[in-house]
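Visitor: Please show me the model, and let me ask how its labels are justified.

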Amino acid sequence: MIHTIAGTPHTRPFTTSLIDLIVSNRTNLVFVEVKTRKSANFARAAEFVDYHKQNRLRLTAEIYLSLYPTQLQPRFDVAEVILKNDGK
């Protein structure tokens, strides 16, 4: 399924809450949280998106949707980036 960039990183006004990436396809508007780790040995990056982070993302997405209404179904994804040993 092809996704297109639907928006630039969006910050909730008066906070530091940020949605890293907003993409869309034919049916969904996807709010993506990108987590980067140097190693997968300790824990998966997605495990660092705890209840409080999820709540901040949801509130920021609600504001985004109030500014840019859509008929697309909202969805939240976590993209994990694991760096090689040299940090790249």
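Guide: The questions below go through the labels one by one. This is a predicted model, in which local features need pLDDT of at least 70, side-chain atom pairs count only at pLDDT 80 or more, and totals for chains, interfaces and linings use all residues. Residues are numbered from 1 along each chain as its sequence is written, and side-chain values use heavy atoms, with hydrogens and water left out.

Visitor: What makes up the secondary structure of the chain?

Guide: One helix and six strands, in the order β-β-β-β-β-α-β. Helices (H or I, at least four residues) and strands (E, at least two) are DSSP runs, numbered from the N terminus.

Visitor: How do you know that β5 and β6 pair?

Guide: Pairing requires that DSSP finds at least two bridges between two strands. Strand β5 (residues 28-37) and strand β6 (residues 73-82) have 10 bridges, in the parallel sense. One of the bridge partners in β6 is Ala 79, opposite Val 34.

Visitor: Why is the pair of Tyr 64 and Tyr 68 called tilted?

Guide: Rings of Phe, Tyr and Trp (its six-membered ring) pair if their centres lie within 6.5 Å; planes under 30 degrees apart count as stacked, over 60 as edge-to-face and the rest as tilted. The centres of Tyr 64 and Tyr 68 are 4.8 Å apart and their planes are at 45 degrees, so the pair is tilted.

Visitor: Which of the terms buried, partly exposed and exposed fits each tyrosine?

Guide: Buried means under 20% relative accessible area, exposed over 50%, partly exposed in between (1.4 Å probe, protein chains only). Tyr 64 has 7%, so Tyr 64 is buried; Tyr 68 has 47%, so Tyr 68 is partly exposed.
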